[in-house]
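Trainee: Got a minute? I'd like to go through this model with you.

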Amino acid sequence: MPNFKDLFTTEFCHVEISSHNLVVIVEKLKSVSMLTLNRPKVLNSINLPLVSRVAELYEEWEKDEHVKCILTKGAGRVFSAGGDLRMFYSIGKRDESWKEVVYKKYWLDYHIHTFKKPIVAFWHGLVMGGGAGLTVACKFRIATEKTIFSLPEAAIGYHTDCAASYYLPRLKGHFGTYLAITGARLTGAEVFVSGLATHFVPSQSLLDVEKRLVALDTGDVNAIKSTIDEFSIIPELDQQSVLNRLDLVEKIFSKDSIEEITAVLLAEMEDAHDEWLKDAAKALKRSSPLGLKQTFRSVSEGRNRTLADCLRVEYRVTLNALRATISNDFYEGMRATVIEKDNSPTWNPATLPEVTSEKLDLVFQPFKEEDELQLPAEGKIPRWGGKYEHSQIR
């Protein structure tokens, strides 16, 4: 971690640094608060202490008139690889103590999407899954040449969560569907050109951006944008980038089912020798059929849902995946990729036709009202009035 006492002149040297169970570092620099995810040994993966502390800080800072702007980043070489899968796997189905971190994370995602002050996210290194969910709604999202963005959840029998069913279908055409069901990795240039990031800044300039934003000492969005613009460049896309194939992405991924998408993809492969097509086909072939279908349905229906409704539906699918309501695929996916790492999962159901509409309906059907994710309605209940501590779901 950089020592900000060395980075800034004496005018800015009043730095307060604190930690909470070592998972989050907080630095107060004038009217700017810096939040650093601090679990670098596990790629800043999200566990209960981390999400609880971040939620606490955002609630505090939104109310604090002395805090005008927030900067957020990850310790080490990544921002965040998403949820702590080892944590979920270790708890498993013996009890539902994982429900607290799930509930808090969805509340936090909603809060960030509706936050009242500008947040600047530094997307260096890996930005995956729930880590993307922590920042994709920030006012400013800075990618670099080292950024790698990915949503690989469908491949392990899960689904794209943390508001992904809201923001992915709002990307151009069906590019978001492509990202969701293939788990494709985007470079920093692709993240910027696709609109997921607001700026592209060479990594060697990131500390200069931080220093300037602290010196700016303002929450004025236009001033913040102008400052970041000074360091931002327009990156060149690699010739083989998927963003140079958007017409083909649309032709394939705009279909009404995973089966249709697969058929068109295979047909295109017969007509063109393109590594991108092969990679997409391999991704679908190795992924959990259930993961593919529930992800596709979530993103497709999210196109016409509000943010709050997307989060409520995602919450249901998440709990049903952890409860293994219709399949053990999420646990099998975690076992194969992060526990035993044999990369040889056995999916059940094993094929797409076996994942019937009736089975999917069980995953998506509403809970009893008292068991649903209770999000605030603007102007009706306090912003954090329905958070986990006040809920009845335990």
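Mentor: Sure, we'll take cavities, then ring pairs, then a strand.

Mentor: This is a predicted model: local features need pLDDT of at least 70, side-chain atom pairs count only at pLDDT 80 or more, and totals for chains, interfaces and linings use all residues. Residues are numbered from 1 along each chain as its sequence is written, and side-chain values use heavy atoms, with hydrogens and water left out.

Trainee: OK. How many cavities of 30 Å³ or more are there?

Mentor: Two. A cavity is a set of points on a 1 Å grid over the protein atoms alone where a 1.4 Å probe fits but cannot get out; lining residues have an atom within 4 Å of a point.

Trainee: How much space lies in the largest cavity?

Mentor: About 70 Å³. Volume here is the space filled by probe spheres set on the points, which are joined across faces, edges and corners.

Trainee: And which residues sit closest to its centre?

Mentor: Leu290, Gln294, Asn320, Ala321 and Ser327, out of 13 lining residues.

Trainee: Which helices supply at least two residues each to that lining?

Mentor: Three do: H14 (289-302), H15 (307-322) and H16 (329-339). H15 gives the most, with three residues. Helices (H or I, at least four residues) and strands (E, at least two) are DSSP runs, numbered from the N terminus.

Trainee: What about the second largest cavity, what volume does it have?

Mentor: About 40 Å³. Its lining is Leu35, Leu37, Val54, Tyr58, Thr72, Phe79 and Leu134. Strand S3 (32-37) and helix H2 (48-63) each give two or more of the lining residues.

Trainee: Switching to rings. How many aromatic pairs does a search of the whole structure find?

Mentor: Twelve. Rings of Phe, Tyr and Trp (its six-membered ring) pair if their centres lie within 6.5 Å; planes under 30 degrees apart count as stacked, over 60 as edge-to-face and the rest as tilted.

Trainee: I saw Tyr58 in that second lining. What sort of pair does Tyr58 form with Trp61?

Mentor: An edge-to-face one. The centres are 6.2 Å apart, with 90 degrees between the planes. Both residues are in helix H2, three apart, so about one helical turn separates them.

Trainee: Are they buried or exposed?

Mentor: Buried, meaning under 20% relative accessible area (exposed is over 50%, partly exposed in between; 1.4 Å probe, protein chains only). Tyr58 has 2% and Trp61 has 0%.

Trainee: Then why is the Phe175 and Tyr178 pair called tilted?

Mentor: Because their planes are at 35 degrees, with centres 5.7 Å apart. Phe175 and Tyr178 are three residues apart in helix H7 (residues 175-182), so again about one helical turn lies between them. Phe175 is buried at 3%, and Tyr178 is buried at 5%.

Trainee: Any ring clusters? Which residues do ring pairs link into one?

Mentor: Tyr89, Tyr158, Phe330 and Tyr331.

Trainee: Last topic, strand S5. Why is it described as largely enclosed?

Mentor: Because five of the five residues of S5 (residues 119-123) are buried. Ile119, Ala121 and Trp123 are on one side, Val120 and Phe122 on the other, and both faces are covered.

Trainee: Which strands does S5 pair with?

Mentor: S4 (residues 69-74) is one, parallel, over three bridges. S7 (residues 140-143) also pairs in the parallel sense, over four bridges. Strands pair if DSSP finds at least two bridges between them.

Trainee: Which residues stand opposite each other there?

Mentor: Ile70 faces Ile119 in S5, and Ala121 stands opposite Arg141 in S7.

Methods. 1 Å grid on protein atoms, 1.4 Å probe; cavity = no way out; pocket = protein on both sides within 12 Å on 5 of 7 lines; lining within 4 Å.
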